[in-house]
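This report concerns one protein structure and treats its helix packing, a strand pairing and several individual residues. The sequence and the structure are shown first.

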Amino acid sequence: IKAWRSLLPSVLRKFSKIKDYRNQKKIKHKVTTLLMFGLFSFIFRLGSCREMNRELTSPVIFDNLKKIFPELETIPHADTLARLLKKTDPLEIEKANIQLIKDLIKKKKFKKLLIDGRLPITIDGTQKLFRDGLLNDGRWCERSVGKGDDKQQYIYIIEANITFKNGLTIPLMTEYLCRSN
């Protein structure tokens with residue numbers, strides 16, 4: 001909680017600068033609330049909207065979030081976050097993340113975790129998702145598996161991370177390898 005309390009004001013300021021493309025007359029939750037909801041779903045490793053709604057709307061979670069965000073009146077629905085993210089430029093969120101990392105570096109928050117006094121950046125490519133069979137989504141890469149005609153679709157990423165001596169990594173940027181439509 002101490003770490004979150006020190007980081008939250010900066011994170012919220014950066015989130016508040018992200019443009020809100022929704023109809024201003026119909027807004028129930030601010031951009032900052034929705035993006036924090038999305039951040040929590042990432043932190044708690046929730047993989048679907050249904051899981052987000054189930055896990056993040058429980059009374060215990062809501063009571064704890066109220067302690068951190070006293071102005072919070074209701075928890076947003078995951079579909080609301082999905083609609084916001086659909087229209088939001090991912091580069092705006094990436095800029096907020098990079099600025100947060102720069103602030104942490106400037107404040108020397110990583111000093112004890114450096115490797116030989118340096119902050120190494122690692123670049124790694126990995127497969128993030130795959131699915132058996134072919135669906136009608138041309139952005140996924142395709143491959144044959146096994147000896148038969150079994151097909152799979154997959155998505156690879158290349159990711160730049162800050163890597164610390166204790167093994168912790170903080171993602172900086174991610175690029176998805178996908179086919180052009």
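The sections below take up helix contacts, then a hairpin, then single residues. The structure is a predicted model.

**Helix packing**

Three helix pairs are described here, formed among α2, α3 and α5. Helix α2 covers residues 31-43, while α3 spans residues 49-56 and α5 spans residues 78-87. The table gives the geometry of each pair.

| Helix pair | Axis distance | Crossing angle |
|---|---|---|
| α3 and α5 | within 8 Å | roughly 130° |
| α2 and α5 | within 10 Å | roughly 105° |
| α2 and α3 | 11 Å | about 95° |

How are α3 and α5 oriented at their crossing of roughly 130°? The angle makes α3 oblique to α5, because it falls neither in the range of 65 to 115 degrees that counts as roughly perpendicular nor over 145, where a pair counts as roughly antiparallel. On the α3 side the contact involves Cys-49, Met-52 and Asn-53, and these meet Ala-78, Asp-79 and Leu-81 of α5. Sorted by class, this contact has four nonpolar residues, one polar residue and one charged residue.

The axes of α2 and α5 come within 10 Å and cross at roughly 105°. The two helices are therefore roughly perpendicular to each other. From α2, the residues in contact are Val-31, Leu-34, Leu-35, Phe-37 and Gly-38; from α5, they are Ala-78, Thr-80, Leu-81, Leu-84 and Leu-85. By class, eight of these residues are nonpolar and two are polar, with no charged residues.

Helices α2 and α3 pack at about 95°, with axes 11 Å apart. This pair, too, is therefore roughly perpendicular. Phe-37, Phe-40 and Ser-41 of α2 make the contact with Met-52, Asn-53 and Leu-56 of α3. The contact consists of four nonpolar and two polar residues, and no charged residue takes part.

Some residues recur across these contacts. Phe-37 of α2 appears in the contact with α5 and also in the contact with α3. Met-52 and Asn-53 of α3 meet α5 and also take part in the contact with α2. On α5, Ala-78 and Leu-81 face α3 residues in one contact and α2 residues in another.

**The β3-β4 hairpin**

Strand β3 comprises residues 150-163 and strand β4 comprises residues 169-177; the two run antiparallel and are joined by eight bridges. Within this pairing, Ala-160 stands opposite Met-173 of β4. Five residues lie between the strands of the hairpin, and Gly-167 adopts a positive phi near 95°.

**Buried residues**

Thr-88 is located in the loop between α5 and α6, the latter spanning 90-106. Is Thr-88 buried or exposed? Its relative accessible area of 8% means that Thr-88 is buried, since the cut-off for burial is under 20%. The side chain of Thr-88 reaches the backbone oxygen of Leu-84 at 2.6 Å. Leu-84 is also one of the α5 residues in contact with α2. When residues up to four places away in sequence are not counted, Thr-88 touches Ile-18, Tyr-21 and Ile-93.

Leu-104 belongs to helix α6 and is buried, with a relative accessible area of 14%. What does Leu-104 touch outside its sequence neighbourhood of up to four places? Its contacts are Leu-7, Lys-109 and Phe-110. Leu-7 is 97 residues away from Leu-104 in sequence, yet their C-alpha atoms are 9.0 Å apart in space.

Thr-32 lies in helix α2. With a relative accessibility of 17%, Thr-32 counts as buried. Apart from neighbours within four places in sequence, Thr-32 is in contact with Leu-12, Phe-15 and Ser-16.

**Positive phi in the α6-β1 loop**

Most residues other than glycine have a negative phi. Which phi values do Lys-108 and Asp-116 take? Lys-108 has a positive phi near 60°, and Asp-116 has a positive phi of about 50° although it is not a glycine. Lys-108 lies in the loop between α6 and β1, a strand covering 121-132, and Asp-116 is placed in the loop between α6 and β1 as well. Lys-108 counts as exposed at 58% relative accessibility, and Asp-116 is exposed with a relative accessible area of 71%.

Note on methods:
Residues numbered from 1 in each chain as written. Predicted model: local features only at pLDDT ≥ 70, side-chain atom pairs only at ≥ 80, totals over all residues. Heavy atoms only, no water. Axes fitted to C-alpha atoms, helices over the stretch in contact; angles between N-to-C directions. Helix = DSSP H or I, 4+ residues; strand = E, 2+ residues; numbered from the N terminus. Parallel < 35°, antiparallel > 145°, perpendicular 65-115°, else oblique. Contact = heavy atoms within 4.5 Å. Nonpolar A, V, L, I, M, F, W, Y, C, P; charged D, E, K, R; others polar. Pairing = 2+ DSSP bridges. Buried < 20%, exposed > 50% of the residue type's maximum accessible area, 1.4 Å probe, protein only. Polar contact = N/O pair within 3.5 Å; in protein donor to acceptor, adjacent residues only side chain to side chain.
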